[in-house]
Amino acid sequence: MSLIDFEADGHGNPVDAIETIAALNDWAFERFGDDEITISVAGGWSEYHVSFSWMADLEAVHLACAFDLKITEPRRTEVMRLLSLINEQMWIGHFDLWNNEGLVIFRQALLLSGGVEPTSQQVESLLATSIEACERYFQAFQFVVWAGKSASEALATVMFETMGRA
């Protein structure tokens, strides 16, 4: 069965469908109860830990994508400034800071109102847009935390795009 052919049967928990998609993609995953699964995805800058949670009361699948970058107390204010600047540019999802853990996460949700089941394309798109956002801005967080740059300097550096060919 290819991923394109896979569709949920309409009778299960959406996390069951996500688990099937993870297995078909050979992604490492761990299931935490009926309503949560965590998938590990290797990116260019970091290993991403993506948690999908079914929120039955909202009829939504919530995605939280974290990466290994501990935010120290002295840099938290500047990281919050960076989060604000980045989130102004986001069309889908947003970055957040979990203060207790000192971790930056990317969050978004897939609404499934009326008992709709997620398709493989929706799950893959949800995951892909999350990883792309993390990959795009990861270095900005590094510049703020490790290089002591300001939020605006860090963001300007990662948003720099070259044109033409060498």
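Reply: Let's start with strand pairing: two strands pair if DSSP finds at least two bridges between them. Keep in mind that this is a predicted model.

Me: Okay, which residue is the bridge partner of F95 in strand 6?

Reply: F95 is matched with F106 there. The two strands involved, strand 5 and strand 6 (residues 103-111), run antiparallel and are joined by five bridges.

Me: And in what order do the six strands form the sheet?

Reply: Read across the open sheet, the order is 1-2-3-4-6-5, with antiparallel pairing. The edges are strand 1 and strand 5 (94-98), each of which pairs on one side only. From one strand to the next, the twist averages 25 degrees.

Me: Which strands does helix 3 touch?

Reply: Helix 3 (residues 120-146) packs on the sheet and touches strand 2 (36-42), strand 3 (47-55), strand 4 (60-70), strand 5 and strand 6. Its direction makes about 30 degrees with that of strand 4.

Me: Let's move to charges. How many salt bridges does a search of the whole structure find?

Reply: The idea is to look for a side-chain nitrogen of Lys or Arg within 4 Å of a carboxyl oxygen of Asp or Glu. Here the search turns up five. One of them pairs R31 with D16, whose closest N and O atoms are 2.8 Å apart. R31 sits in strand 1 (residues 28-31) and D16 in helix 1 (residues 14-24), so this pair links distant parts of the chain, 15 residues apart.

Me: What other side chain meets R31 in a salt bridge at 2.5 Å, N to O?

Reply: That's E19. E19 lies in helix 1 and R31 in strand 1, so their pair ties together parts that are twelve residues apart in sequence. Put the pieces together and D16, E19 and R31 form a network of salt bridges.

Me: Are those three buried or exposed, or somewhere in between?

Reply: In between means from 20% to 50% relative accessible area. R31 counts as partly exposed at 25%. D16 is also partly exposed, at 34%, and E19 joins that class at 26%.

Me: Where do E78 and R81 lie?

Reply: Both are in helix 2 (residues 76-89), three residues apart, which is about one turn of the helix. They form a salt bridge, with 2.6 Å between the closest N and O atoms. E78 is buried, with a relative accessible area of 15%, whereas R81 is partly exposed at 46%.

Me: Now the cysteines. How many disulfides does the count come to?

Reply: The general idea is that a disulfide is a covalent bond between the sulfur atoms of two cysteines. To count as one, the sulfur atoms must be within 2.5 Å. In this model the count comes to zero.

Me: Why is C65 not bonded to the closest cysteine sulfur?

Reply: Because that sulfur, in C134, is 3.7 Å from the one in C65, too far for a bond. Seen from the other end, C134 is in no disulfide, and its nearest cysteine sulfur is that of C65.

Me: Does that pair count as buried or exposed?

Reply: C65 is buried, at 0% relative accessibility. C134 also counts as buried, again with 0%.

Notes
Residues are numbered from 1 along each chain as its sequence is written. This is a predicted model: local features need pLDDT of at least 70, side-chain atom pairs count only at pLDDT 80 or more; totals for chains, interfaces and linings use all residues. Side-chain values use heavy atoms; hydrogens and water are left out. Helices (H or I, at least four residues) and strands (E, at least two) are DSSP runs, numbered from the N terminus. Buried means under 20% relative accessible area, exposed over 50%, partly exposed in between (1.4 Å probe, protein chains only). Axes are lines fitted to C-alpha atoms, for helices over the stretch in contact, and angles run from 0 to 180 degrees between N-to-C directions. Contact means heavy atoms within 4.5 Å.
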